[in-house]
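Colleague: Got a minute to walk me through this one? I'd like to get a feel for it before I set anything up.

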Amino acid sequence: MNSKPAHPWKPGFRNLILPAVLFMASALAINAQNADVSTQGDLETAIGAANTGTISTITFLNDIVLGSALPNLTSPNLTIQGEGYTLRRNPEALMEFRILNIVSGTVIINDLTISGGRATMEAWPDGFAGGVFSGGSLTMHICTLSDNQAWNGGAVRTGGAARGFYNCTFINNA
C-alpha cells in the first residue's frame, strides 16, 4: 500500500487554500483604501473613516481652508499625502483652533503645509501647538508649518512615543 501524502494542489488541499487566499486578498483591499479630499467636509468625512480603520490614506487634491476645527484623529495608522497643498485656518474664522489634533495612533504626514492654527488656553489639550498636537506617533516629511500660534509652542507639540521631522520647514510660529 502506497501512503504518499497528498500534494498541496490536489483536490483535498485546494478546498482549504483557496478560501484562505481569497480572504487575505479581500482584507488587503479594505486596508489599502484611499480617500481623496478637496473640501473641509471631505476631510472631516475622511478623518471619520480613518478613525474607524476604513481607510489608511488621505490624499489632498487642492488647498483646504478651515472655517472650524476638524475632528480629532484617533486612527490606528494613517498617512496624509499633502501633494504640496496647504491646510490652513481661515484667518476670519470666528473661533481659534488647532489644525490637527492627533489623539492616538500612528500618523505620517507627507508634503503638506499646515498654516494659521491658533491654540488658546481653552484649546484641547491646554493651549499646546497651533499647528499639530500629537499624543500618538507622528512623522512628517517635506512639510512646512507656518504662522501657527499657541499659548505653549506654536507649530507642533508631541507627547507620543515616536516623532520625526524630515526636510520640514518652520516659519513664523509662536
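**Notes on the model**

Modeller: Sure, let's start with methionine 95, which counts as exposed because its relative accessibility is 57%; exposed means over 50% relative accessible area, buried under 20%, and partly exposed in between, with a 1.4 Å probe and protein chains only. Keep in mind that this is a predicted model, where local features need pLDDT of at least 70, side-chain atom pairs count only at pLDDT 80 or more, and totals for chains, interfaces and linings use all residues. Residues are numbered from 1 along each chain as its sequence is written, and side-chain values use heavy atoms, with hydrogens and water left out.

Colleague: Okay, and where is the place of methionine 95?

Modeller: Methionine 95 is in the loop between strand 5 and strand 6 (100-102). Strands (E, at least two residues) and helices (H or I, at least four) are DSSP runs, numbered from the N terminus.

Colleague: How far apart are methionine 95 and arginine 118?

Modeller: They are 8.9 Å apart in space, C-alpha to C-alpha, and 23 residues apart in sequence.

Colleague: Switching topic: how many helices and strands has the chain?

Modeller: Two helices and 16 strands.

Colleague: What order does the open sheet of six strands have?

Modeller: The order is 1-2-4-7-11-15, with parallel pairing; two strands pair if DSSP finds at least two bridges between them. Strand 1 and strand 15 (163-166) are the edges, each pairing on one side only.

Colleague: And over how many bridges do strand 2 and strand 4 pair?

Modeller: Three, in the parallel sense. Threonine 59 stands opposite glutamine 81 in strand 4.

Colleague: Now helix 2: which residues are buried there?

Modeller: Gln40, Leu43, Ala46, Ile47 and Ala50. They lie on the same side of helix 2 because they cover an arc of only 120° around the axis, taking the directions from the helix axis to the C-beta atoms.

Colleague: Why would residues three or four places apart point the same way?

Modeller: An α-helix has 3.6 residues a turn, so that spacing brings them round to the same direction.

Colleague: What do the buried residues of helix 2 pack against?

Modeller: Five strands: strand 1 (34-37), strand 2 (57-60), strand 3 (64-66), strand 4 (77-81) and strand 5 (86-89).

Colleague: What comes just after helix 2?

Modeller: Glycine 53, which takes a positive phi of about 85°.

Colleague: Last one: what share of the chain is buried?

Modeller: Buried residues make up 38% of the 174 residues.

Notes
Contact = heavy atoms within 4.5 Å.
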